[in-house]
Amino acid sequence: MSQVSSASHPTVCEDWSHFLPGFTLTHTVHLVSRRNPGIVSTAAAVLEGETATVDRWAITRCGDVLEQKIVLGEMSEGQAVRLRERLAAVEGVLRTRVEHHFVRVGSAAAGDVSERGR
């Protein structure tokens, strides 16, 4: 009988706001799929069904694939993980990942902070 350690499956926290007052948690979903515009429509329907607030959505074609970068407004870590899992299940999606970002509340350039740090 095998045991799964908590290190290999970290706990998802629903609300981090009490750990970092003055910051909000936002997320960026990266989605790579086959070059099929229907996948973009399906992803939009998934986002709408989850009532996710989309701050930015960029789509880039790279050869035979579409790369989508979807920046989402405030939602919990758990919601973002569930959203990523739903998007990963869409037919034609090759891979997804989600980045969690703490952004200082009231920052005018909140979306630019993570970009400049790279």
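**Exercise 1. Helix 2**

List the buried residues of helix 2, and check how far apart its end C-alpha atoms are.

*Solution.*
Step 1. Buried means under 20% relative accessible area, exposed over 50%, and partly exposed in between (1.4 Å probe, protein chains only). Helices (H or I, at least four residues) and strands (E, at least two) are DSSP runs numbered from the N terminus.
Step 2. The buried residues in helix 2 are Glu77, Gly78, Ala80, Val81, Leu83 and Leu87.
Step 3. The expected span of a helix is 1.5 Å times one less than its number of residues. For the 12 residues of helix 2 that gives 16 Å, and the end C-alpha atoms are indeed 16 Å apart, so the two values agree.

A word on the model before you go on: it is predicted, with local features requiring a pLDDT of at least 70 and side-chain atom pairs a pLDDT of 80 or more, while totals for chains, interfaces and linings use all residues. Residues are numbered from 1 along each chain as its sequence is written, and side-chain values use heavy atoms, leaving out hydrogens and water.

**Exercise 2. The overall layout**

Work out how many helices and strands the protein has, and in which pattern they follow one another.

*Solution.*
Step 1. Count the elements: there are three helices and four strands.
Step 2. Follow the sequence from its start, and the pattern reads β-α-β-β-α-β-α.
Step 3. Now look at burial: 34% of the 118 residues are buried.

**Exercise 3. The nonpolar core**

Find which residues touch the most other members of the largest nonpolar core, and which elements give two or more residues to it.

*Solution.*
Step 1. A nonpolar core is a set of buried Ala, Val, Leu, Ile, Met, Phe, Trp, Tyr and Cys residues joined through side-chain atoms within 4.5 Å.
Step 2. The largest one has 16 residues, and those touching the most other members are Val29, Leu47, Ala52, Leu72, Met75, Leu83 and Leu87.
Step 3. Two or more residues come from each of strand 1 (23–34), helix 1 (37–49), strand 3 (65–72), helix 2 (77–88) and strand 4 (93–104). Helix 1 gives the largest share, four residues.
Step 4. Take Val29 as an example. Its contacts (heavy atoms within 4.5 Å), leaving aside neighbours within four places in sequence, are Gln68, Lys69, Ile70, Leu72, Leu87, Arg97 and Val98.

**Exercise 4. Two valines**

Decide whether valine 46 and valine 54 are buried, partly exposed or exposed, and find what each one touches.

*Solution.*
Step 1. Valine 46 lies in helix 1. Its relative accessibility is 8%, so valine 46 counts as buried.
Step 2. Not counting residues up to four places away in sequence, valine 46 touches Leu83, Arg86, Leu87 and Val90. Valine 90 is 44 residues away along the chain, yet the two C-alpha atoms are separated by 9.1 Å.
Step 3. Valine 54 belongs to strand 2 (residues 54–62). With a relative accessible area of 33%, valine 54 is partly exposed.
Step 4. Beyond its neighbours within four places in sequence, valine 54 is in contact with Leu47, Ile70, Val71 and Leu72.

**Exercise 5. Strands 2 and 3**

Describe how strand 2 and strand 3 are joined, and say how enclosed strand 3 is.

*Solution.*
Step 1. Two strands pair if DSSP finds at least two bridges between them. Strand 2 and strand 3 run antiparallel and are joined by eight bridges.
Step 2. Look for partners across the pair: tryptophan 57 stands opposite isoleucine 70, and cysteine 62 has valine 65 as its bridge partner.
Step 3. Two residues lie between the strands of this hairpin, where glycine 63 takes a positive phi near 65°.
Step 4. Six of the eight residues of strand 3 are buried, so this strand is largely enclosed by the rest of the structure. Glutamine 68 lies in strand 3, and its 2% relative accessibility makes it count as buried.
Step 5. The side chain of glutamine 68 makes a polar contact with the side chain of tryptophan 57 at 3.0 Å. Such a contact is a pair of N or O atoms within 3.5 Å; within protein, one must be able to donate a hydrogen and the other to accept it, and residues adjacent in sequence count only if both atoms are side-chain atoms.

**Exercise 6. A loop residue**

Place threonine 51 in the structure, and decide whether it is buried or exposed.

*Solution.*
Step 1. Threonine 51 sits in the loop between helix 1 and strand 2.
Step 2. Its relative accessible area is 66%, so threonine 51 is exposed.
Step 3. Check the backbone too: phi of threonine 51 is near 50°, a positive value in a residue other than glycine.
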